[in-house]
Amino acid sequence: MKLSNDELVFEAEKEIKLERESTLKIIKIFQEISARRIYLERGYPSFYEMVTKHFGYCAGSAMRRINAMKLVKEMPQFEEKLESGELSLSVAADVQSFLYQEARIERHYSVNAKIELVETCLGKSRREVEEEFARRSPEREKRETQHAISGDRLRVSFSISKELNDKLNHLKDLLGHVDPSMTTESLLERLAELGLDKYDPARRAERAKVGKLKRDSAMSCDRVGNGKAGNTADMSDAPPRAHSISAAEVSRSRYIPANETHEVPDDRQGCTFISRDGRRCGSQKLLQLDHIEPFGHGGANTASNLRWMCGAHNRHRPMHS
Ligand SMILES: [Zn+2]
């Protein structure tokens, strides 16, 4: 069966209408899933993670749907504009993300101002909408934006001072022996690694664990008895308070002794929450040690009562304890 040109255009129009209708249906289902926080019991640290990993949307498509979802949740009168195509998914998402960024710099819009903004953006292209945002918030150019450009790549844009640029270039020069044509991305990668080594509790626990193994093997060497008790070079980075806390102090304090922290397994695998269908969360975000038997109920600060939990699952304890 060969369709005429007019029939092909008609078919496309019909299917696009159906596609918009089903997009809106998906958005409304997403609202409910998000409100019930079903992602947590399914082993995801955030709704975004569930939309990408469980439903299989790429990062950009997921963010468009989630942002559009938030917009029509607050202003349901635009649902039909989304369905008619007068308000595209991308523009709805852009407006939502603009309002979010504005709120972050303490510029809050009343509901009426939000409605007025969406109405102004109806029927506009993303570029025109971006110009509208720039008119309303001239300093926007200085702010950071992020757009997913593929599964694991983002385009991040922000302006920096000349002074910071000089510092970054100076660092690149200093690292010239490592990589003579270092990009800003690889420089940031190095800086991020340095920062994480210094501030990430999971990495610090890992280093402490390695330090303990070194100390243990040093001590067993001593026991074998080469007579030298003074070989303490490896012990210099020992966690300072680990052995100076008394049992009584441990029993009445939330302080977790470092020697117990060492024994908790799987810290590098991230959050240990496991959903009913066996999905392990694994998120590293705000990773913290959680008492399995709550501390307030008499749970001990011992390795067997501790597990790594991401911020989202730790906060949402009632659903998994
Ligand atoms: Zn988690």
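Two strands pair if DSSP finds at least two bridges between them. With that in hand, here are some close-ups of this predicted model.

**View 1. Strands S1 and S2 form a hairpin.** S1 covers residues 145-150 and S2 covers residues 153-157; the two run antiparallel, joined by 5 bridges. Just 2 residues sit between the strands. Look for Ala-148, which stands opposite Leu-154 in S2.

**View 2. A nonpolar patch lies on the surface.** Leu-154 turns up again here, together with Val-156, Phe-158, Ile-160 and Leu-164. Between them, these residues have about 410 Å² of accessible area. Ile-160 belongs to the loop between S2 and helix H9 (162-174). Ile-160 counts as partly exposed because its relative accessibility is 37%, and partly exposed means a value between 20% and 50%.

**View 3. Phe-30 and Phe-47 make one of the structure's 6 aromatic pairs.** Their ring centres are 5.4 Å apart and their planes sit at 90°, so this pair is edge-to-face. The pair links distant parts of the chain: Phe-30 is in helix H1 (residues 5-35) and Phe-47 is in helix H3 (residues 47-54), 17 residues apart. Phe-30 counts as buried, at 4% relative accessibility, and Phe-47 counts as buried too, at 7%.

**View 4. Tyr-39 also pairs with Phe-47.** This time the rings are tilted, with 50° between the planes and 6.2 Å from centre to centre. Tyr-39 is buried, just as Phe-47 is. Step back a little and you'll find a cluster: ring pairs link Phe-30, Tyr-39, Phe-47, Phe-55 and Tyr-57.

Notes
Residues numbered from 1 in each chain as written. Predicted model: local features only at pLDDT ≥ 70, side-chain atom pairs only at ≥ 80, totals over all residues. Heavy atoms only, no water. Helix = DSSP H or I, 4+ residues; strand = E, 2+ residues; numbered from the N terminus. Patch = residues over 30% accessible without salt bridge, like charges linked within 9 Å, V, L, I, M, F, W, Y side chains within 5 Å. Areas by Shrake-Rupley, 256 points an atom, 1.4 Å probe, with all protein chains shown as cover. Salt bridge = Lys/Arg side-chain N within 4 Å of Asp/Glu carboxyl O. Buried < 20%, exposed > 50% of the residue type's maximum accessible area, 1.4 Å probe, protein only. Phe/Tyr/Trp six-rings, centres within 6.5 Å; stacked < 30°, edge-to-face > 60°.
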